[in-house]
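This briefing introduces a structure to a reader who has not met it before. Please keep the sequence and the model in view while reading the points that follow.

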Amino acid sequence: MWNLPALRQIAQRTIGTASRRQFENKVPEKQKLFQEDNGIPVHLKGGVADALLYRATMILTVGGTAYAIYQLAMASFPKKQD
């Protein structure tokens, strides 16, 4: 049913060609960026995208906490029925 030598050959080609691709190693550049002592917190050293993600996270956290407290207050004091 299956042609095992052909499957083996395809698998070897896929693995073999994947290792031939060369990617630029950006780790040393990132290490320099994040280890630089410039007074910026490490979670914001990635640039504008990190700052936006941080602010969005803070807004959602504060908003969610306020909403949870509001809902707890509403559940604690049910409306009286006439």
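In this predicted model, Lys 45 is buried but forms no salt bridge. The nearest side chain of opposite charge belongs to Asp 37, at a distance of 6.1 Å. A salt bridge requires a side-chain nitrogen of Lys or Arg within 4 Å of a carboxyl oxygen of Asp or Glu, so the 6.1 Å that separates Lys 45 from Asp 37 does not qualify.

**Surroundings of Lys 45**
- Lys 45 is located in the loop that joins α2 (27-35) to α3 (48-76).
- When neighbours within four places in sequence are left aside, the contacts of Lys 45 are Leu 33, Phe 34, Gln 35, Glu 36, Asn 38, Ile 40 and Asp 50.

**Leu 44 in the loop between α2 and α3**
- Leu 44 also belongs to the loop between α2 and α3.
- Leu 44 counts as partly exposed because its relative accessibility is 25%, and the partly exposed class lies between the 20% limit for buried and the 50% limit for exposed.
- Residues up to four places away in sequence not being counted, Leu 44 touches Asp 50, Ala 51 and Tyr 54.
- Leu 44 and Tyr 54 are 10 residues apart along the chain, and their C-alpha atoms are separated by 7.7 Å.

**Phe 34 and a nonpolar patch**
- Phe 34 has its place in helix α2 and is one of the residues in contact with Lys 45.
- With a relative accessible area of 33%, Phe 34 is partly exposed.
- Together with Leu 33 and Val 42, Phe 34 forms a nonpolar patch on the surface.
- The combined accessible area of these three residues is about 240 Å².

**The chain as a whole**
- The protein chain contains three helices and zero strands, which follow the pattern α-α-α along the sequence.
- Of its 82 residues, 1% count as buried.
- The accessible surface of the protein chain is about 8100 Å², and carbon and sulfur atoms account for 63% of that surface.

**Annotated region**
- An unreviewed UniProt entry assigns the annotation "transmembrane region" to residues 52-70.
- In the model, residues 52-70 are 100% helix and 0% strand.
- The C-alpha atoms at the two ends of residues 52-70 are 27 Å apart.

Terms used:
Residues are numbered from 1 along each chain as its sequence is written. This is a predicted model: local features need pLDDT of at least 70, side-chain atom pairs count only at pLDDT 80 or more; totals for chains, interfaces and linings use all residues. Side-chain values use heavy atoms; hydrogens and water are left out. UniProt positions are given in the numbering used here, feature names are shortened, and annotations may be inferred rather than shown by experiment. Helices (H or I, at least four residues) and strands (E, at least two) are DSSP runs, numbered from the N terminus. Buried means under 20% relative accessible area, exposed over 50%, partly exposed in between (1.4 Å probe, protein chains only). Accessible areas come from the Shrake-Rupley method with a 1.4 Å probe; for residues, only the protein chains shown count as cover. Lys and Arg count as positive and Asp and Glu as negative; His and the chain ends are not counted. Contact means heavy atoms within 4.5 Å. Patches are made of residues with over 30% relative accessible area and no salt bridge: like charges are joined within 9 Å, nonpolar side chains (Val, Leu, Ile, Met, Phe, Trp, Tyr) within 5 Å.
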